[in-house]
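Dear colleague,

I am handing over the structure below, and after it you will find some notes on internal cavities and on one strand with its neighbours. Please read them with the model open beside you.

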Amino acid sequence: MIKPLLQQHPRVTVSDSFWLKYRQLVREEMIPFQWDVLNDRGNIVIESEREDATIPTEKSHVIENFRIAAGQKEGHHYGWLFQDSDLYKWIEAAANTIALEKDEALVAQVEETIELLEAAQDDDGYLSTYYQIDAPHLKFRRLFESHELYCIGHLIEAAIAYKEATGSGRLLQIADKAIDCIEAHFGKSEGKIDGSDGHQEIELALVRLYESTGNRKYLDLSSYFLEVRGQNPHFFAEQLEENDRLGLQQGPKPVINTVYHQAHKPVIEQDSARGHAVRLVYMAQAMAGAGRHKQDEKLIGAAKKIWENIVQKCMYITGGIGSTVRGEAFTYDYDLPNDLMYCETCAAIGLLNFSNELLKTETDSQYADIMERTLYNSIISGMALDGKHFFYVNPLEVDPQASAENPDKSHVKATRPSWFGCACCPPNLARTLPAVGGYAFTQKEDEVLLNLFIDSELAGEQAGEPYTIRQKHTVSETGQTVIAVEKASSEQLRLGIRIPYWAENPVLVVDGQETVAESSNGYTYVTVISESMAIELTYTIAINEIEAHPLVKADKGKVALQRGPFIYCLEEQDNGKQLHLLALTGSVRPRFRSDKLLGDSVFLEAEGELQVMEDGWQGKLYRVHQKPQTIPKMLTFIPYYNWGNRSLGEMQVWVDKEDTHV
Ligand code: FUB
Ligand code: ZN
């Protein structure tokens with residue numbers, strides 16, 4: 001029996017200085033900066049995400065595309081087919097920001113944008129600027145690549161956020177009209193398209209819309225798209241053949257890779273992470289969400305199998321996913337090359353949301369562990385500390401020369417560009433960062449879970465009466481989390497506190513009494529009986545040398561350092577060039593540092609050694625093996641998410657462990 005959630009989106013006020021900094025960056029830097037980009041203002045350099053002359057990098061043109069579709073301007077569409085979604089994600093970012101702090105000017109900006117969307121939308125609800133402007137005869141006819149439903153999915157998410165932030169249903173009306181159009185064209189009945197979009201997203205957005213409105217038709221439509229996927233693996237190819245027959249398109253027909261689209265078999269039969277990484281996690285999030293609402297154990301079971309395969313065999317230590325640039329995809333189990341990886345920011349965000357969805361379904365701290373891993377590492381490494389430069393892919397090993405001169409590494413950027421031809425990641429970050437409080441707690445019917453140690457306050461309700469849970473968190477050599485619960489109702493409140501896997505020797509003190517509480521699936525439970533309760537959790541924050549499963553070839557003989565939720569890395573700035581010649585030989589100590597650029601953070605200093613290239617190597621590329629010469633060297637590690645902010649140089653997460661230098 002799957003237990004229902006009490007509140008889909010808990011009301012959480014964040015007061016954590018670490019996250020408030022990001023919230024401020026989003027409001028003051030990211031939103032205005034991204035608005036300029038979408039309007040083609042401000043001389044922003046757009047880079048191509050990899051070496052490929054066909055990638056559009058002249059301008060964003062997003063707003064202009066909508067103006068042309070609205071008939072306010074003349075011209076052609078510019079950019080990727082899914083360029084519209086950049087604007088929808090920007091609106092969601094604005095809405096999530098407005099929800100935290102009133103901002104009349106930003107509301108006015110969004111309202112203006114909504115007016116443009118109203119003007120651009122066709123009378124029948126259709127909205128996709130590329131097809132409206134340049135290919136109306138191909139509407140819904142090239143679903144393998146069109147992203148028409150993907151974009152509407154992002155429109156729906158933006159509309160929900162805007163309604164929640166302002167109470168205005170104006171954007172929701174546009175989304176609803178678009179959904180009506182989709183319902184008129186898709187389905188099982190005669191004459192309708194019986195298939196799904198090449199890029200999953202609408203499925204999860206419809207689940208969210210169901211949660212927000214209670215209207216079952218959205219859940220049914222989501223389920224339809226999940227169920228139809230992969231039933232006929234030839235669906236996308238058949239659409240192209242039909243277009244050919246009808247003379248609707250010219251040129252060679254693209255070859256469809258159904259695994260890339262996760263359309264090679266029905267979704268409930270998919271049990272491993274294959275194909276495009278973002279698409280998979282978006283799909284699986286929808287499977288978990290729809291499964292929960294429909295009490296469909298099979299669907300949830302399939303989502304869980306996918307999740308387990310990802311986190312047990314296909315995920316980088318930073319929470320990044322996607323092992324190859326080709327198809328931005330997963331490859332095979334344990335294939336996790338550190339220098340060729342993909343680790344797209346959107347994919348890490350997708351894994352965060354997928355894990356959160358499973359946590360809502362099943363109380364188990366393993367989901368929160370992964371949420372934390374993605375958030376504190378692969379997700380926030382996706383942006384520079386100025387909020388105006390971004391990574392599309394988040395590497396675990398970088399050599400600027402390799403990125404510049406090895407075409408296979410052209411996607412591995414050594415510094416964060418301002419913008420990309422394909423700009424899915426920057427606005428995805430902008431919408432996620434202000435929403436971070438929503439991941440800290442989960443409110444179920446019979447329990448409240450405290451998942452992430454983020455200073456915050458949850459305002460909940462139990463039996464119609466309000467309660468609050470406040471958490472405040474102090475970290476130095478040890479960690480301390482102080483939790484204060486206040487409630488009006490006389491009913492008991494069951495609070496589950498996640499004890500993170502990195503917190504050693506946890507001690508729980510409840511109302512001044514050291515307590516050994518009941519624990520289950522990684523949560524320690526406290527039952528709040530009285531009107532208020534004070535809970536204190538203290539623990540040691542160990543620095544751990546982490547090794548990877550022996551089948552991960554790329555990490556054999558290496559370790560990565562982790563302190564609390566943070567994964568660490570070496571940078572050239574602190575350790576010199578040729579990081580691969582370094583090895584960890586001794587103890588590791590934390591160093592609390594205030595860096596001009598990085599701010600206050602904990603660096604790690606470790607005893608290590610450097611392999612020196614003695615004279616015996618002169619002029620030779622190979623020689624008979626002999627013991628390498630090394631000299632002692634102190635190594636400095638910084639939190640991974642901060643890398644690439646100070647200077648251009650090498651970076652490496654995994655480092656040789658001393659016994660490999662023999
Ligand atoms: O296709 C839309 C988005 O662009 C994908 O999710 C990303 O991987 C990028 O290809
Ligand atoms: Zn992206």
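For the classes used here, Ala, Val, Leu, Ile, Met, Phe, Trp, Tyr, Cys and Pro count as nonpolar, Asp, Glu, Lys and Arg as charged, and the others, Gly among them, as polar. By class, the lining of the largest cavity then has 7 nonpolar, 1 polar and 1 charged residues. Please keep in mind that this is a predicted model.

The residues that line this largest cavity are Val14, Trp19, Leu20, Arg23, Leu100, Leu433, Pro434, Val436 and Gly437, and they enclose about 60 Å³ of space. Helix H1 (residues 17-38) gives the most to that lining, with 3 residues.

The count comes to 3 cavities of 30 Å³ or more, and the second largest has a volume of about 50 Å³. Its lining, which includes Tyr126, Phe140, Glu148 and Cys181, has 8 nonpolar, 1 polar and 1 charged residues, and helices H7 (148-166) and H8 (170-185) each supply at least two residues of it.

Turning to strand E20 (residues 558-563), 5 of its 6 residues are buried. Strand E19 (residues 543-546) runs antiparallel to E20 and is joined to it by 4 bridges, with isoleucine 543 opposite arginine 563. Strand E26 (residues 655-657) is also antiparallel to E20, through 2 bridges, and there valine 655 is the bridge partner of valine 559. E20 and E21 form a hairpin with 2 residues between them, where glycine 564 in the turn has a positive phi of about 55 degrees.

With best regards

Technical notes
Residues numbered from 1 in each chain as written. Chains lettered and ligands numbered in written order. Predicted model: local features only at pLDDT ≥ 70, side-chain atom pairs only at ≥ 80, totals over all residues. Heavy atoms only, no water. 1 Å grid on protein atoms, 1.4 Å probe; cavity = no way out; pocket = protein on both sides within 12 Å on 5 of 7 lines; lining within 4 Å. Points joined across faces, edges and corners; volume = space filled by probe spheres on them. Buried < 20%, exposed > 50% of the residue type's maximum accessible area, 1.4 Å probe, protein only. Pairing = 2+ DSSP bridges.
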